[in-house]
Amino acid sequence: MEGRVCVVTGASSGIGRETAAALARRGARVVLVCRDPQRGEETRAALMAATKNPNIDVVLADLGSQAAIRKLAAALLGHYPRIQVLINNAGVLHLRRTTTVDGVETVFAVNHLAYFLLTNLLLDRLMASAPARVVNVSSDLHRWSRMSWDDLGGEKRYHPMRVYGQSKLANLLFTYELARRLTGTGVTVNAVHPGAVATRLGHNNGRIAALLARVLAPVLRSPAKGAEASLYAAVAPGLDGVSGKYFVNCKERRSSKESYDTEAARRLWELSARMTGLA
């Protein structure tokens, strides 16, 4: 990975931070996409000290804002002539329904639309840098979910785990559709399940949620263990040319039947393009 440019979203904590650290140890130039400037710089300094790799950068973006994602993409394209790895890792879980500045339900916006928009905005650079890889962090919670086409944003009925699971199913539908569209370009795209990991996911939901997360932490995987899935999909030599797959514990697995619905994937793609203003 020496000198290869790797972009990691949600990189200031949890799985994203550990993924970035592992890439830095392998000599990559790592770009940390973070929302909070202070935490971003603290993460950068800590990773540089731990990995002895000076080539770690921070780019700020609130992935709940499509304008911010476009600004992020412009900054990446303006600064990095080549981008070989994009890891879409950032995610949120909200117990109560909220919307972004764009008026989109937050979980769907951050967990799916941000993946979709940022990846598409960087696609030409990824193809020009081929061989390149896109890694989408999904979850096995997708197996208990369906796409609620008539209520994607949970306006009629908001159930936190249903909405979260739907966003993770959307990650897979997007991964498989993008893989089909990228055939022959030298860019591969795969999805991973990091396992049940003790991260900051859900800590934004108040003291009770944060307390529950701390209580469960001893039985959950460490962020470093969870990051192994993303790292495997990003760097494993055996995955050269492998695309449109789902990996659990660094092994290929079948995802849910619904995730292989090509009509649903095309429908989601077209809807996502409209919602993000992509041609």
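This section describes the sheet of the predicted model and the helices packed around it.

The sheet is open and has eight strands, arranged in the order β3-β2-β1-β4-β5-β6-β7-β8 with mixed pairing. Its edges are formed by β3 (56-60) and β8 (251-253); each has a single partner strand, so one side of each is left without a neighbour in the sheet. On average, and with direction ignored, neighbouring strands are turned by 25° against each other.

Strand β4 (85-88) has β1 and β5 as its neighbours in the strand order. Strand β1 (residues 5-9) runs parallel to β4 and is joined to it by three bridges, with Cys6 opposite Val85 of β4. On the other side, four bridges connect β4 to β5, and this pair is also parallel. Here Asn88 has Asn136 of β5 as its bridge partner. The connection from β4 to β5 passes through helix α4 (residues 106-128), giving a right-handed β-α-β crossover. In a regular strand the side chains alternate between the two faces of the sheet. In β4, Val85 and Ile87 point one way, whereas Leu86 and Asn88 point the other way. All four of these residues are buried. Val85 and Asn88, which take part in the pairings with Cys6 and Asn136, thus belong to opposite-pointing sets.

Further along the sheet, β6 (residues 187-193) and β7 (residues 246-248) run parallel and are joined by three bridges. Within this pair, Val192 stands opposite Phe247 of β7.

Two helices that pack against the strands are considered next. Helix α2 (residues 37-51) packs on the sheet through β2 (29-34) and β3, and its direction makes about 170° with that of β3. The edge strand β3 is therefore in contact with α2. Helix α7 (residues 223-235) lies across β4, β5 (132-137), β6 and β7, and runs at about 160° to β5.

Helix α2 also packs against helix α1 (residues 14-25): the two axes come within 10 Å and cross at roughly 40°. The two helices are therefore oblique to each other, and the crossing of α1 past α2 is right-handed. On the α1 side, the contact is made by Arg17, Ala20, Ala21, Ala24 and Arg25. The residues contributed by α2 are Thr43, Ala46, Leu47 and Thr51. Helix α2 thus touches both α1 and the strands β2 and β3.

Terms used:
Residues numbered from 1 in each chain as written. Predicted model: local features only at pLDDT ≥ 70, side-chain atom pairs only at ≥ 80, totals over all residues. Heavy atoms only, no water. Pairing = 2+ DSSP bridges. Axes fitted to C-alpha atoms, helices over the stretch in contact; angles between N-to-C directions. Contact = heavy atoms within 4.5 Å. Buried < 20%, exposed > 50% of the residue type's maximum accessible area, 1.4 Å probe, protein only. Right-handed = clockwise from strand over helix to strand, strands pointing away. Parallel < 35°, antiparallel > 145°, perpendicular 65-115°, else oblique. Left-handed = near helix turned anticlockwise from the far one by under 90°.
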